[in-house]
Amino acid sequence: MSSGAVTANDNTLSDPRHRAPLVAGKQDYASITETVCRIAERDKTPRAWYVAFAVSASLTGMLFLLIGYLFITGVGVWGNNSPVFWGWPIVNFVFWVGIGHAGTLISAILFLFRQQWRTSINRFAEAMTIFAVCCAGIFPGIHIGRIWCVYWLAPYPNQMEMWPNFRSPLLWDVFAVSTYATVSALFWYLGMIPDLATLRDRATNPWRRLAYGTFALGWRGSARQWHRYERAYLLLAALATPLVLSVHSVVSFDFAVSQVPGWHTTIFPPYFVAGAIFSGFAMVVTLMVPARAFFGLKELVTLRHLENMNKIILATSCIVGYAYATEFFIAWYSGSQYELFAFLNRALGPYKWAYWTMVFCNVVVPHLFWFKKCRTTPWIMMIVAILVNVGMWFERFVIIVTSLSRDFLPSSWGAFVPTPIDVAMFVGSFGLFFTLFLLFCRYLPMVAMAEVKAAVSHGIEGHGH
Amino acid sequence: MPSIADHQPTNRPWRSLAELADAPEFRAFMEAEFPAKADPEGVSRRRWLQLMGASLALAGSVGCRWEKEEILPFAERPEGRVPGTPERYATAMDLSGSAIGLLVTVYDGRPVKVEGNPNHPQSLGATDALAQAAILNLYDPDRSRQVLQREATTRGTVAKWEQFDTFAKAHFDELRGKEGKGLAVLAEADSSPTAARLRDQLLQALPEAAWYEYEPLSRDNERAGAVAALGKPYRTHIHVDQAKVIVSFDADLFGDHPTALRNARQYSSGRDPAGEMNRLYVVESCYSITGAAADHRVPVRAGQVGRFAAAVEAAIAGASADIDESWQKYVDAIADDLKRHGPHGLLVAGPRQPAEVHAAVHRINAKLGSVGTTVTYTEEPDSERSGHFEAIQELAQRMAAGEIETVVVLGGNPVYDAPCDLGFAEAFAKAPTRIHLSLDDNETSQASTWHLPRAHFLEAWGDARSHDGTYSIVQPMIEPLWDGRSKIELLASLIGSESSAYDLVRETARQLAGADDFEACWQVALHDGVLANSQWPTVAPNIAEAAEAVVPETDDAEEFDVVFVRDASVYDGRFANCGWLQELPDPMSRLTWDNAALIGPSAAERLGVKSDQVIAVTVDGRTVELPVFIMPGQADRTIGIALGYGRTAAGYVGGSLQNKVAPVGVDAYAIRPSASPWFAPATVAVTGKTSRLATTQDHHAIDTIALKGIARRLGELVRETTQTELHEHPEVIAHALHLPGGVEEEQLKSLWTEHSYDGRRWGMSIDMNKCIGCGACVVACQAENNIPVVGKERVLKGREMHWLRIDRYFRGDPENPSVSHQPVACQQCENAPCEQVCPVAATVHSKEGLNDMVYNRCVGTRYCGNNCPYKVRRFNYFYYHFDLDKPGGEVAKMAFNPEVTVRTRGVMEKCTYCVQRIQAGKIAAKNEGREVRDGEIRSACQQACPAQAIEFGDLSDQESKVAAAHQSNRAYGMLAELNVKPRTKYLARVRNPHPSPDDQNHEQRSRHG
């Protein structure tokens, strides 16, 4: 190992004598502002952005057309049947909700733990969270048989004099996801106010000034405002922290509280939360690697940031792998033949290809991150992260489809075959996600400038904190 | 809209309304054209409402598109008739010359449900699936609606009955001149004495005319067997209730026997494990429900059954026969049992078996002394007629020779279902005048010059006799929907009779009743559905001793036999356009919407085929291609193919080339030779094509892990034992399941406060010891609860909608497994898992313990379906009633039970224990100021069940039958270990195997362990 000399763009070395800088290069306040703002202020939008936007917007359009078709025709357009009453829509829902975990974790929990390295990536991750939750929110909404009655899930005073059934985990889910979406959006927006004000102040075009000015809510950067802001941010962080744990716990209750063998498992809440963080971080890495290269953010979002995230991916992968093993152990230990069969069937039954894809992607592949080379090489980590996302989608598929396809009575066993509509809607949800994401990259500050500024070494060389 | 002043009140029925419309206020109102402009001052609210009513009625009369409409209000309401209250009328349904008595529920003149007539000896209150489906057949929009005259066009030109009558009068006058020369009548088998009388009159008037009778599912082998053994074609009647040992040689006693319903009842009544149980041996080639009910089943190739019967005959006589090693133990056991039970032994041979087998059976029965106890004989009606296959052959030859100029086909569909080698269609086309009376414009109609729409049996007067001769009057429940005429009416018009069908039937009844007070007798017969003491008297024929047992020769040249099987759904093909029946899973294969080549696992292995792979089956140079379905328990070297599929002119459900609807399944008549219409040697070739079969249960083609999993759980889910074991260990059923940690079911803790009841608690019990798996309950449930038909594509997807399904499980050796049938509907769990997870509380518990489904609250999250361990919840993935909005839907709508909601798309549905019947029963009891009596409220499945396997009632009433059943030592709750507390309990099946045959399948069953 070389000595503590930190090169300009590699801050990944761990030398206890020196604290590695959180941003690379010679960054001062002005350069940070310039680096971040110029992306949003660029006069000419890059052609690549247009191409990407056209593709993703078309897919979004397809998604909404298909939703229209679904409204007219009925949920039979999917492959769902009896016994697999829930199919891809719910798989996609859990997948997207899981992805929507990294943002708030990075923002809230790491904030509370004073992990300063979060500052470069939190805006990005939070945006991703919100867009993922948007995608997630669509599926359970359109998934129900009578979509026009979806508001009956809400507890509102009505002429029927009926409350929803508070025993139903699905109802908890409605509360958990909507609360999470609200708090995440608020948190994201609140954190963005000082940066929006910066964009407003730098704007040369009156329309831009009006738009940014409106959303900056009159931010002037006074000490009092900063004080209020910091307090509010801290409070929201404290509020969001339990939500990170609760939302996926509640999502897991949809399964754990039911009695389907393979679902009825007490390990589900922690296992789901770990899986969600796992997939969320993987998605951040997947998006961050190309974005930091394309938008010239390599000095703000450094390899060290990516490496840290990869370490979290490795850690959560171990948790997830442990959970898989525990499920099998408990299935055997429970003495319930249905439980044992559900798990044997996962590993050896007709959907074993899905199970082993999941194990390979989620348990085997992330072990590459034990090697520093893999943790710090963008293309390797991108491949790993994509595989993790694939694996996590399959995890939900395995949990939902294989468990339902063979439950208690062999007479009712069935197979699930997705329809082209299933596939197209899933692809369309990616379209929606990327559409929103591209708009974010183009018009909003991708990095929390104000926070990064607080984390840089204030221009004084060699004085680590 | 024309001015009201122009409206001429000409239509008599509207008279009072027209007068009302002529009132000055009403004119003012109509001219204002808008109710808001009507002056409310001068009109009282009451008057205003009257006017509104009149305007609606007038709107109806103006917008009406019918040529003529007669609405005749009751001047006096018939006594006892309350609008909206169902009435029940007795009638009878004839199928191939044997009738079962029915009670038809009629709502405001609209028949909606068929039940069995408890007074009728062949029904005993039960029905089969085919009778249940009569309602859908009646309202089938594809039914023929008019007389069609065909020259060159295939669609035909629409004619009127008057045109036909004019033609027929001239034509038959001409024929009368020739004494009927050149006329042939081909009729389907029919038990109606009136029709027989008219036939005789016709033949009297036209002595040169020929009358042929043909049924593709003929039972003429029975007649031939009787001739061989008894000298005359006596009719055999079996009395299963008298039998302690029943041996069936390829006879499907509970499936296609004319007295199947009665047999099932009598069989199940002899299965009480507390008493002496009967024992059923079945020797058969294709797995039937009778085989599934058997204590011992021997798979034997169809052509070898005769050898088996001969071996049994020899064994009883103390001789031994040279037979297959594997048969010996069964032959010994059968002979042992029969010898021990003497007159309480019963042997039956099936209609597929040749006369020699029937003769052997008659001889053995006589030898045992069973004649008079388990077997009786009566004279056979029409004993002189020639056999069905000979008849159609002769007709085809004569037509081909040009001897026939006019052929009248009364019902049936010979162009489709005649044996393939007769060239029937070509011969038929040679007759210049071809007249076909038929419910639908089918294959034969399309080959005829005149197609005449037939009245459904629920639309016309008629009569019928059951297998034992009991006479029933067939009374119309509704005016003919499509101007059809019954067979009796057509025959009457052909012989120039002016009498109505009603008068003709009354005339027949008068002759049969012979009573002094005929009117009273008629009324009673009409009400009861049977004419008392009208069954045929028994006779005691002499049974010829055979010099030596005649063993029928079998053709062993080819590797495979094709066995032509009566289909449990479409029968001979006539019910092919009935969605309920097409979607009814076959009791054994669980196939819907298809027939297949059923072959055993080892034969399939030899051929190298799997289910869904298409094979070409060739008989006598004629080939059909159809997919394989591997059926465990099929006799080796046997291919079972159901007849009745591949219809090309059935309709939008069953297939219609004219309307570009592909046929359902494959037409097996295309390879059915007239010489051996039941089983024939065949060659098989693998084609390499595949065709997906829609089965509702996947059992064979699944992986090892699944097979192991099924084997492990089956002993808990579907518990079985033997009578000996039950006597030795009365707790064997309850102890079939051990919870981890030795916890008892009662100790399980509930997550929520459980429901408590101070009144009724509805419950059900299903006795699997009685259930024969026939499927009548499934169609009854479908008819009662307006359950949609979804079609083959959606069955393939796993979206069938049956609230009640019959699960079928195999156990043991795949070459001869035992089969268990288990009807599963909603178990109305006390701790219902569905109720806890529904976010909108659309499924909730009622005060009487029902798990109610609130359709208009359901938003369709389908969470309940996931959480239901029995998977009995069904989801409307689409709007399955869209066709009701189309033309023709008006008729289809009439089949719906008005007491039950028709569910829309996006809602979950499931069995309610027929809550509408519960409510009706409760209301009736309340109106009479009494408690509901046990047995008064019956669910649709219970009512239809021929074996009386289902009990329903109030569990809080300790005297109720269902409470007693729940107390039985055979009772268990399926998956009760989940603490869902199911309200339906199953009563384990108890088999009664002969102690000696070393049959491993029957040994391991639900062993305490």
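## Exercises on a predicted two-chain model

Val409(B) stands opposite His436(B) in strand 15 of chain B. The model used in these exercises is predicted.

**Exercise 1.** Determine which strands pair with strand 15 of chain B, and how far strand 15 is covered.

*Solution.* Begin with the pair already named: strand 14 (residues 406–410) of chain B and strand 15 of chain B run in the parallel sense and are joined over 5 bridges. Next, follow His436(B) to its other partner, His451(B), which stands opposite it in strand 16 of chain B. Strand 16 (residues 450–453) of chain B pairs with strand 15 in the parallel sense over 4 bridges. Finally, consider burial, for which a residue needs 20 or more other C-beta atoms within 10 Å of its own. In strand 15 (residues 433–438) of chain B, 5 of the 6 residues are buried, and the strand is thus described as mostly covered.

**Exercise 2.** Work out the strand order of the open sheet of 4 strands in chain B, and find the helix that packs on this sheet.

*Solution.* The order is 11-10-9-12, with parallel pairing. The edges are formed by strand 11 (296–299) and strand 12 (345–349) of chain B, each of which pairs on one side only. From one strand to the next, the twist averages 10°. Turning to the interior of the order, strand 9 (residues 245–249) and strand 10 (residues 279–284) of chain B are paired in the parallel sense over 5 bridges, and Ser248(B) has Val282(B) in strand 10 as its bridge partner. The helix sought is helix 13 (residues 355–368) of chain B, which touches strand 9 and strand 12 and whose direction makes about 170° with that of strand 12.

**Exercise 3.** Classify the packing of helix 4 against helix 5 in chain A, and then that of helix 6 against helix 7.

*Solution.* Two packed helices are described by the angle between their axes and the distance between the axes. For helix 4 (residues 102–112) and helix 5 (residues 122–143) of chain A, the angle is about 140° and the axes are 7 Å apart. Roughly antiparallel requires an angle over 145 degrees, and helix 4 of chain A is therefore oblique to helix 5 of chain A. Helix 4 passes helix 5 in a left-handed crossing. Among the residues that meet there are Ala102(A) and Ile106(A) from helix 4, and Ala125(A) and Met128(A) from helix 5; by class, this contact divides into 4 nonpolar, 5 polar and 1 charged.

For helix 6 (residues 169–202) and helix 7 (residues 206–216) of chain A, the angle is about 155° and the axes lie 8 Å apart, which makes helix 6 of chain A roughly antiparallel to helix 7 of chain A. This crossing, too, is left-handed. The contact includes Leu196(A) and Leu199(A) of helix 6, with Tyr212(A) and Phe215(A) of helix 7, and its residues comprise 7 nonpolar, 1 polar and 2 charged.

**Exercise 4.** Describe the side of chain B that touches chain A, by element and by residue class.

*Solution.* Start with the totals: 44 residues of chain B are in contact with 47 residues of chain A. The elements giving two or more residues to the chain B side are helix 23 (704–717), helix 27 (833–837), helix 28 (863–867) and strand 36 (874–875) of chain B. Helix 23 of chain B gives the most, with 7 residues. By class, the chain B side divides into 22 nonpolar, 11 polar and 11 charged residues.

Methods
Residues numbered from 1 in each chain as written. Chains lettered and ligands numbered in written order. Predicted model: local features only at pLDDT ≥ 70, side-chain atom pairs only at ≥ 80, totals over all residues. Contact = placed C-beta atoms within 7 Å. Nonpolar A, V, L, I, M, F, W, Y, C, P; charged D, E, K, R; others polar. Axes fitted to C-alpha atoms, helices over the stretch in contact; angles between N-to-C directions. Parallel < 35°, antiparallel > 145°, perpendicular 65-115°, else oblique. Left-handed = near helix turned anticlockwise from the far one by under 90°. Pairing = 2+ DSSP bridges. Buried ≥ 20, exposed ≤ 12 C-beta atoms within 10 Å, placed from the backbone.
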